[in-house]
Amino acid sequence: MNHRPVDNSAAIPDPRQELVRVMYSQMPVVAAGNLALSMANILAYIERLPLTGLALFGAAVLVLTTMRIAAFGYYRLSRFRSWDAASHSRLLAFFSFLNGILWSSWGLFVVSSVPHADTLIMLVIQAGICAGTVSTSSASRVSLALFVVPVLTSLALWEGWQGTVDGNILAAVMLLYLVLILSSSQRIYRTLHGSIVLAHKNRLLADELYLHSNTDGLTGIANRRFFDNALQVACEASHQNGKSLSVMLVDVDFFKLYNDSKGHLEGDECLKIIASRLQTFFSSEEWFVARYGGEEFVVVLPGVDESRAYALAEEFRIEIANSRIPHDLALPWHHLTVSIGVASCLPRTEVFPQRLLEAADRALYTAKHSGRNRVNLASDMASMINGFALADLDLSAQL
Ligand SMILES: Nc1nc2c(ncn2[C@@H]2O[C@H](COP(=O)(O)OP(=O)(O)OP(=O)(O)O)[C@@H](O)[C@H]2O)c(=O)[nH]1
């Protein structure tokens, strides 16, 4: 669970690398499919049962295609941000070449061992396979060429060797086809490139929107909106995992007088200082700080019980007082101070965010009216929660 509105805005990654990563991520699936293809070939060759072999191959291709489609959805682009694309693209090129050899061996196997197999039809099938690869391999020209060249040339060479068709004409046709494939790969790549850039821009915009709508404009810490959601989540988690939960309301003392004497801009700077001190002081991963409104801040401390929350609040209060931020009208100290109200709930108790806040607010009110620059505990919290539990019991008994 993330308790802070985090700034995720990173540069848009290189779309070509992103595509290589996606292709690379599918390698295990493709390898499994090709292994099935080789086994089908070997089986058909040993048993002299070409139809069984072909049926097995057909099944393997079906499984492979289904798995690849599933894998494409699974390996979403966002997962690959931290990958080392350079080394992966080399491995991908090597793998593509192996893949090409496998497919060409399949073509050669069929024309050489299946009676009446037509080389031309096989060539058309192989050409279709190459064309199908363009969409997925278009980001890496090297990988594409390493796949396509063995697949296309093997049958042409076979025919030339057999002398049934003019090898030169076949080679010329294959060359033309290769050029067509590579040029269409460029077009497909441009389209994919555009979609990937757009997808990343959209994500950055969504991140930015989230960040802005959850951050306080003045102090840069989380705002009330973020706090309301996060407190609800923290209360539910505390109820489920049986850990304590404490909330603090931190209010700057005599802040109106600070504004009046030093001006609103100085007041703003003062709020920024308090926010940053809070953020630094309560920096544990689980805790979070937000601006509650005006000169009031809130700290949520999952896993912290009442006595520890009190000790932490007292430590923070002293830290601010010891900073000696001048505030002549704050009597009797003549420097800036804060008052803090603390409320905690017992582990495994169902606690309502609103009740916890009300208790912390009452504690803060008492701290203010007992002279300010102090921490006050909502000592009625446990009895209040028990009171609710009893009220619930009474109600259910009446029902
Ligand atoms: N500079 C500045 N002042 C603000 C901001 N938000 C609220 N305030 C001021 O904070 C002051 C709060 O005053 P009060 O609620 O009377 O509280 P206080 O003067 O701190 O008195 P106690 O809380 O009783 O110690 C008001 O004068 C508000 O104008 C802000 O964003 N910037």
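This briefing describes the fold, helix packing, nonpolar cores and backbone features of one protein chain. The model is predicted. The protein chain contains 13 helices and 5 strands, and of its 399 residues 42% count as buried. Among contacts between residues at least 6 apart in sequence, 76% join residues at least 24 apart.

**Helix α6**

- Helix α6 covers residues 141-162, a run of 22 residues. At 1.5 Å a residue this helix should span 32 Å, and its end C-alpha atoms are indeed 32 Å apart, so the expected and modelled lengths agree.
- The buried residues of α6 are S143, L144, F147, V148, P150, V151, L152, S154, L155, A156, W158 and E159.
- Just after α6 comes G163, which takes a positive phi of about 80°.

**Helix α11 and its surroundings**

- Helix α11, residues 306-323, has 18 residues. The distance from its first C-alpha to its last is 26 Å, close to the 26 Å expected at 1.5 Å a residue.
- Buried positions in α11 are A309, L312, A313, F316, R317, I320 and A321.
- The cover over these buried residues of α11 includes the strands β1 (245-252), β3 (296-302), β4 (338-345) and β5 (375-377), together with helix α10 (264-281).
- S323 lies in helix α11. With a relative accessible area of 26%, S323 is partly exposed, because values from 20% to 50% fall between the buried and exposed classes.
- S323 and L336 are separated by 13 residues in sequence, and their C-alpha atoms are 8.2 Å apart in space.
- The residue that follows α11 is R324, with a positive phi near 55°.

**Helix packing: α8 with α12**

- Helix α8 (residues 224-241) packs on helix α12 (residues 353-369) at an angle of about 105°, and the two axes are 9 Å apart.
- That angle makes α8 roughly perpendicular to α12, because the range from 65 to 115 degrees is assigned to this class.
- The contact is formed by F227, L231, Q232 and C235 from α8, and by P353, L356 and L357 from α12.
- By class, this contact of α8 with α12 comprises 6 nonpolar residues, 1 polar residue and no charged residues.

**Helix packing: α9 with α10**

- The axes of α9 and α10 come within 6 Å and cross at roughly 135°.
- This crossing makes α9 oblique to α10.
- On the α9 side, F255, Y258, N259 and K262 take part, and they meet H264, E266, G267, C270 and L271 in α10.
- The residues of the contact of α9 with α10 divide into 4 nonpolar, 3 polar and 2 charged.

**Nonpolar cores**

- In soluble globular proteins, nonpolar side chains tend to be buried together.
- The largest nonpolar core in this model has 30 residues, and M248 and F282 are those with the most contacts inside it.
- At least two residues of this core come from each of β1, α9 (255-262), α10, β3, α11 and β4.
- Among the contributors, α10 gives the most to this core, with 6 residues.
- A second, separate core has 25 residues, including C235, V298, L356 and A359.
- Two of its members recur in the packing of α8 on α12: C235 on the α8 side and L356 on the α12 side.

**Backbone features in the loops**

- Most residues other than glycine have a negative phi, and most peptide bonds are trans.
- A cis peptide bond joins L331 and P332, with omega at about 10°. P332 is placed in the loop between α11 and β4.
- H334 is also located in the loop between α11 and β4. H334 is not a glycine, yet its phi is positive, about 65°. Its relative accessibility is 41%, so H334 counts as partly exposed.
- N373 is found in the loop between α12 and β5. Its phi is near 50°, a positive value in a residue other than glycine. The relative accessibility of N373 is 10%, and therefore this residue counts as buried, the cut-off being under 20%.

Technical notes
Residues are numbered from 1 along each chain as its sequence is written. This is a predicted model: local features need pLDDT of at least 70, side-chain atom pairs count only at pLDDT 80 or more; totals for chains, interfaces and linings use all residues. Side-chain values use heavy atoms; hydrogens and water are left out. Helices (H or I, at least four residues) and strands (E, at least two) are DSSP runs, numbered from the N terminus. The expected span of a helix is 1.5 Å times one less than its number of residues. Buried means under 20% relative accessible area, exposed over 50%, partly exposed in between (1.4 Å probe, protein chains only). Axes are lines fitted to C-alpha atoms, for helices over the stretch in contact, and angles run from 0 to 180 degrees between N-to-C directions. Angles under 35 degrees count as roughly parallel, over 145 as roughly antiparallel, 65 to 115 as roughly perpendicular and the rest as oblique. Contact means heavy atoms within 4.5 Å. Ala, Val, Leu, Ile, Met, Phe, Trp, Tyr, Cys and Pro count as nonpolar, Asp, Glu, Lys and Arg as charged, and the others, Gly among them, as polar. A nonpolar core is a set of buried Ala, Val, Leu, Ile, Met, Phe, Trp, Tyr and Cys residues joined through side-chain atoms within 4.5 Å.
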